[in-house]
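Visitor: I would like a close look at one part of this model, the surroundings of the ligand. Please take that part first and then place it in the rest of the chain.

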Amino acid sequence: MKRVHNFSAGPATLPLQVLKKAEAELANYRGKGSSLIEMSHRGPEYTEINEQATARLKSILGADDDWEVLFLQGGASTQFMTVPHNFLNSSRGANYIDTGAWSAKAIKEARLFGDVHVSYSGKDGNYSHIPEGDELSFADDAMYTHFTSNNTIFGTQFRNEPDGGGAPLVCDASSDFLSRPLDLDKYGLIYAGAQKNLGPAGVTVVLVRKSFLEKQRTEAIPTIINYKTHINKLFNTPPVFAVYMVNYVLEWIEEKGGLNAFVKINDDKANLLYTEIDRDDFYRGTVEKAARSKMNVTFRLGSEELEKTFLAEAAKNDLVALKGHRSVGGIRASIYNACELSSVEALVTFMKEFRSKNG
Ligand SMILES: Cc1ncc(COP(=O)(O)O)c(C=O)c1O
């Protein structure tokens, strides 16, 4: 079987062992004579998967009983609206740190519900910087401070959790979730679309702290949008296939040694690629070195023409999905957890050859 070196930003490459497990079980799940996706979500098979995935996720992150895990639909984009709908109103606002296009979308939705204090905006600097210290300002009495831990389009990432100005952090962790440990004490809520580091598209993982949820607003919240609805019971049909796959990806993360093992794996891949980019000025990183993402590595070549040739020749070498996001252009190599070191090595070998032919 031929598999390409897949650098897609999402939906992204998944561990081969997970795909093979799903393939083997697809038509006949554990001898039941039907596939898991043909069974009731209230039956024992899916119930076991849901419970296992929840327990695995909590154990991988070190989350205690104050944390609830939800597997929701609608993508991370739905959380842009759901979070403020649960917590903000005309007299309760929040801080939002604007470090890219996804942060800006979250801000737009939050403004429909309450006052948004923009703690920092990197827009004028083309989102090439990650703020620290007194670059951030905070409103008094904010319900939470929202940030995007990794900016998929621009290729920047917070090294650690930012200061929340005294408010709990709410994080869109879609593109670096489970790539490293988190300091959970700082958070009230974390959400992530699964389709980058965690599984297929179709499920959004939400971790919410019970004590944070106690501060939910008192005005009516539509039932499906209210986090408590999903904590109290399996309210509607969950994305069963996506959660089933997430459960196997979590098992794979455990087998690999958990989040600390992934810190090393991801550092090794990112260092290899950035070292090649920094070798001379043939390849040029697009963001400040201190802000560089270990998940989405963005760079440019001398001209758009040369970038087109780079992409075409890379594809001939089975190095695919390297085109930068349509809004920024250039090259983007997404090297999430499941992207193998050998794929990054193949890319670096190709980059060296391409430079020597065209440099
Ligand atoms: C950081 C981040 N947030 C949100 C989204 C939107 O996610 P979804 O397509 O699941 O709504 C993306 C998608 O790429 C993303 O990278």
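Guide: The shell around the ligand consists of Gly10, Gly75, Ala76, Ser77, Trp102, Thr148, Thr152, Asp172, Ser174, Ser175 and Gly193. This is a predicted model, and the shell should be read with that in mind. Sorted by class, the shell holds eight polar residues, two nonpolar residues and one charged residue. Ala76 and Trp102 are the nonpolar members, and Asp172 is the charged one. Helix H3, which covers residues 75–87, supplies the largest share of the shell, with three residues.

From the ligand, the next step is the nonpolar interior. The largest nonpolar core contains 90 residues. Those with the most contacts inside this core are Leu189, Ala192, Val205, Val243, Val246, Val249 and Ile335. Helix H7 (residues 240–256) gives the core its largest share, ten residues. The core is not confined to one domain: at least three of its residues come from domain 1 (16–255), and at least three from domain 2 (258–358). As a general matter, nonpolar side chains in soluble globular proteins tend to be buried together.

Leu189 can serve as an example from this core. Leaving aside residues up to four places away in sequence, Leu189 touches Val83, Val170, Val206, Leu207, Val208, Arg209 and Phe212. One of these, Val83, lies within the residue range of H3, the helix that also contributes to the ligand shell.

The two domains come next. The domain assignment places residues 16–255 in domain 1 and residues 258–358 in domain 2. Taken over C-alpha atoms, their centres are 27 Å apart. Each domain puts 23 residues into the contact between them. On the side of domain 1 that touches domain 2, the elements giving two or more residues are strand S6 (150–151), strand S7 (156–157) and H7. That side of domain 1 has eleven polar, eight nonpolar and four charged residues. H7 thus appears both in the core and at the contact with domain 2.

Last, the chain as a whole. The chain has ten helices and 14 strands. Its radius of gyration is 21 Å, close to the 21 Å that the globule rule gives for 359 residues, so the chain is as compact as a globular protein of that length. The C-alpha trace spans about 65 × 60 × 30 Å along its principal axes. Of the 359 residues, 43% count as buried. Among contacts with a separation of 6 or more, 69% join residues 24 or more positions apart.

Methods
Residues are numbered from 1 along each chain as its sequence is written. This is a predicted model: local features need pLDDT of at least 70, side-chain atom pairs count only at pLDDT 80 or more; totals for chains, interfaces and linings use all residues. Helices (H or I, at least four residues) and strands (E, at least two) are DSSP runs, numbered from the N terminus. The radius of gyration is taken over C-alpha atoms; the globule rule is 2.2 Å times the number of residues to the power 0.38. A residue is buried if 20 or more other C-beta atoms lie within 10 Å of its own, exposed if 12 or fewer, and partly exposed in between; C-beta atoms are placed from the backbone. Two residues are in contact if their C-beta atoms, placed from the backbone, lie within 7 Å. A residue is near a molecule or strand if its C-beta atom, placed from the backbone, lies within 6 Å of it. Ala, Val, Leu, Ile, Met, Phe, Trp, Tyr, Cys and Pro count as nonpolar, Asp, Glu, Lys and Arg as charged, and the others, Gly among them, as polar. A nonpolar core is a set of buried Ala, Val, Leu, Ile, Met, Phe, Trp, Tyr and Cys residues joined through C-beta atoms within 7 Å. Domain bounds come from an automatic or database domain assignment.
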